[in-house]
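This report describes how the nonpolar core and the sheet are arranged in a predicted model. The core is taken up before the strands and the helix that lies across them.

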Amino acid sequence: MSTPSTTPGIHLQDLVLDSAATSEQKSNCLKLMKVVVKNLFDSDKNKDEKYRQLKLDNQKVRDKLLTCKSAVDYLKAIGFVETTSTENTPVLRVDNIPDLEILQTSMEQLNNALQILLPKKDDVTKSNSSAFKHPIEEKLSEKQRARRLLEEKERRERDDARAQRKRNIALLKQDKFVRENDQNWKSGPSAACAKAGSSISTFRDRHGEN
């Protein structure tokens, strides 16, 4: 069993906030990392070398993992090392399976990060149902059309604000999780503030924790 030398959660925050990758790319990357960590949980699979390494020249790995630089940093932080295989190809490999506690923490962090990026099914359902709220456009006066457009605009703004609040809450949960589990954590702007681009700091951001 091995212990990581750096703070994994910080790299996940960088991944979630990475503006160079799309939400879909980041979600696909996180899902692949979940599969990798899940395989390390499996006492049968983790004995097989193919489940303990990722070939960096593999097309799936290139498309899903390497689109997010912080993903490689995260895997290194939980015990993977970048090296070459017996075929002289670049790989990310873990020789010593991380402690069970590390793997459990990793799964929680990955699930939290996915929760930030993926909308809930209820939100998608509401959005789809509202799109078909007025399938047949009846004859309306100019005043009625203007009022309906205003109502639709206000609804979209409420939905956007609600989604942003959920993202911020999820980021705050991730930030709290990192602070409670990473010994090397240092005081700084919270993840939610960084995401929102806000310069407002909390008491913790200004003074740290006791």
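## Nonpolar core

The largest nonpolar core in this predicted model comprises 35 residues, and those with the most contacts inside it are Leu-30, Met-33, Leu-65, Leu-75, Phe-80 and Leu-92. At least two residues of this core are supplied by each of helix H1 (8-17), helix H2 (23-41), helix H4 (69-77), helix H5 (100-117) and helix H7 (142-181). The largest share, 8 residues, comes from H5. In soluble globular proteins, nonpolar side chains tend to be buried together.

## Surroundings of Leu-92

Leu-92 is one of the core residues with the most contacts inside the core, and when its neighbours within four places in sequence are left aside, its contacts include Leu-54, Leu-56, Leu-65, Val-72, Leu-75, Phe-80 and Val-81. Arg-52, Gln-53, Lys-76 and Glu-82 are also in contact with Leu-92.

## Sheet and crossing helix

Three strands form an open sheet in the order S1-S3-S2, and their pairing is antiparallel. Strand S1 (53-55) and strand S2 (81-84) stand at the edges, and because each has a single partner strand, one side of each is left without a neighbour in the sheet. From one strand to the next, the twist averages 30 degrees.

The antiparallel pairing of S2 with strand S3 (residues 90-93) extends over 4 bridges, and Thr-84 stands opposite Pro-90 in S3. H4, which supplies at least two residues of the core, lies across S1, S2 and S3 and runs at about 50 degrees to S3.

Terms used
Residues numbered from 1 in each chain as written. Predicted model: local features only at pLDDT ≥ 70, side-chain atom pairs only at ≥ 80, totals over all residues. Heavy atoms only, no water. Core = buried A, V, L, I, M, F, W, Y, C linked by side-chain atoms within 4.5 Å. Buried < 20%, exposed > 50% of the residue type's maximum accessible area, 1.4 Å probe, protein only. Contact = heavy atoms within 4.5 Å. Pairing = 2+ DSSP bridges. Axes fitted to C-alpha atoms, helices over the stretch in contact; angles between N-to-C directions.
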